[in-house]
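Reader: I've got the sequence and the model open side by side. Could you walk me through what's in there?

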Amino acid sequence: MSELNKKELHKKILNELSSSDSKTILKSIQSLREEGIASDIPILLDVVIEKKDPSISKAVWNLLIDVKEEKAGEIIIEAIENERYASLRKELVAVCWESRLNFSQHLDVFVEILIQENFETAFEAFTVIENMTGIISDEKKEEIAKKLKEAIANASQERKGFLHEAIHLVNAITDEEKY
């Protein structure tokens, strides 16, 4: 397929996402598994918000979990931080631990969610931290541990446990540069 034909096909798939027919939208989401690009993620999130259809939401979350393009990780983090997608934050954070993408460079984002967000979203952020691998400098670990320790003073009992455990988890992330 020529580059022009691929672009036309991609445009057609994206246009079908605005259909009023759920089956057409689900077919388009499935097509994006093959033809989609990372920059399609905000469009898919908008569809979830606009359509409020559980089958469409499930298809989008499953697609995002399966994305392998590293650039998608940056777009997912941008969406987590964007108030436009605040209603989807819990699901977006869950995608981070369910996917194979590396989010270790965004540890700060998940620590902030752990401290600030509602319990369910904080639990998802804790799970991301728990599954995190990658290179975290000793200085960064110390900075994060200090932030978590400071948050413990004002935290609810149930959140205090998360915060204490998160300190241990952050300190256990291997600094691969040393080896």
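Author: Sure, let's start with some rings: Phe119, Phe123, Phe126 and Phe162 form one aromatic cluster. Keep in mind that this is a predicted model.

Reader: How many aromatic pairs does the structure hold?

Author: Two rings pair if their centres lie within 6.5 Å. Phe103 and Phe110, for one, sit 6.1 Å apart centre to centre, with 85 degrees between the planes, which makes them edge-to-face. Both Phe103 and Phe110 are buried. Counted over the structure, the aromatic pairs come to 4.

Reader: What kind of pair do Phe123 and Phe162 form?

Author: Their centres are 5.7 Å apart, with 45 degrees between the planes. Planes under 30 degrees apart would count as stacked and over 60 as edge-to-face, so what remains for the rest is the third label. The pair of Phe123 and Phe162 is tilted.

Reader: Which helices does that pair of Phe123 and Phe162 tie together?

Author: The two differ in cover: Phe123 is partly exposed at 41% relative accessible area, while Phe162 is buried at 11%. They are 39 residues apart in sequence, so their pairing ties together separate parts, namely helix 8 (residues 119-130) and helix 10 (residues 157-172).

Reader: What about the salt bridges, how many are there by this rule?

Author: The rule asks for a side-chain nitrogen of Lys or Arg within 4 Å of a carboxyl oxygen of Asp or Glu. Glu117 and Arg89 meet it with an N to O distance of 2.9 Å. That pair links distant parts of the chain, with Glu117 in the loop between helix 7 and helix 8, and Arg89 in helix 6. By this rule the count of salt bridges is 9.

Reader: Is Arg89 buried or exposed?

Author: Buried means under 20% relative accessible area. Arg89 comes in at 7%, so the label is buried.

Reader: Which helices hold Glu112 and Lys147?

Author: Their side chains meet in a salt bridge at 2.6 Å, N to O. Glu112 is partly exposed at 30%, and Lys147 is partly exposed too, at 34%. The bridge ties together parts that are 35 residues apart in sequence, since the two lie in helix 7 and helix 9.

Reader: And Glu143 with Lys140, how far apart are they along helix 9?

Author: These two side chains form a salt bridge at 3.4 Å, N to O. Glu143 is partly exposed at 45%, and so is Lys140 at 24%. Both belong to helix 9, 3 residues apart, so the separation is about one helical turn.

Reader: Which residues do salt bridges that share partners join into one network?

Author: Arg89 and Glu117 have already come up as a bridged pair. Sharing of partners brings in another residue, and the network consists of Glu83, Arg89 and Glu117.

Reader: His10 caught my eye. What is it in contact with, leaving aside neighbours within four places in sequence?

Author: His10 lies in helix 1 (residues 3-16). Its relative accessible area is 14%, so His10 counts as buried. With those neighbours set aside, its contacts are Leu32, Glu35, Gly36, Ile37 and Asp40.

Reader: Zooming out, how many helices and strands does the chain have?

Author: Read along the sequence, the pattern is α-α-α-α-α-α-α-α-α-α. Of the 179 residues, 45% count as buried. The tally is 10 helices and 0 strands.

Methods
Residues are numbered from 1 along each chain as its sequence is written. This is a predicted model: local features need pLDDT of at least 70, side-chain atom pairs count only at pLDDT 80 or more; totals for chains, interfaces and linings use all residues. Side-chain values use heavy atoms; hydrogens and water are left out. Rings of Phe, Tyr and Trp (its six-membered ring) pair if their centres lie within 6.5 Å; planes under 30 degrees apart count as stacked, over 60 as edge-to-face and the rest as tilted. Buried means under 20% relative accessible area, exposed over 50%, partly exposed in between (1.4 Å probe, protein chains only). Helices (H or I, at least four residues) and strands (E, at least two) are DSSP runs, numbered from the N terminus. Contact means heavy atoms within 4.5 Å.
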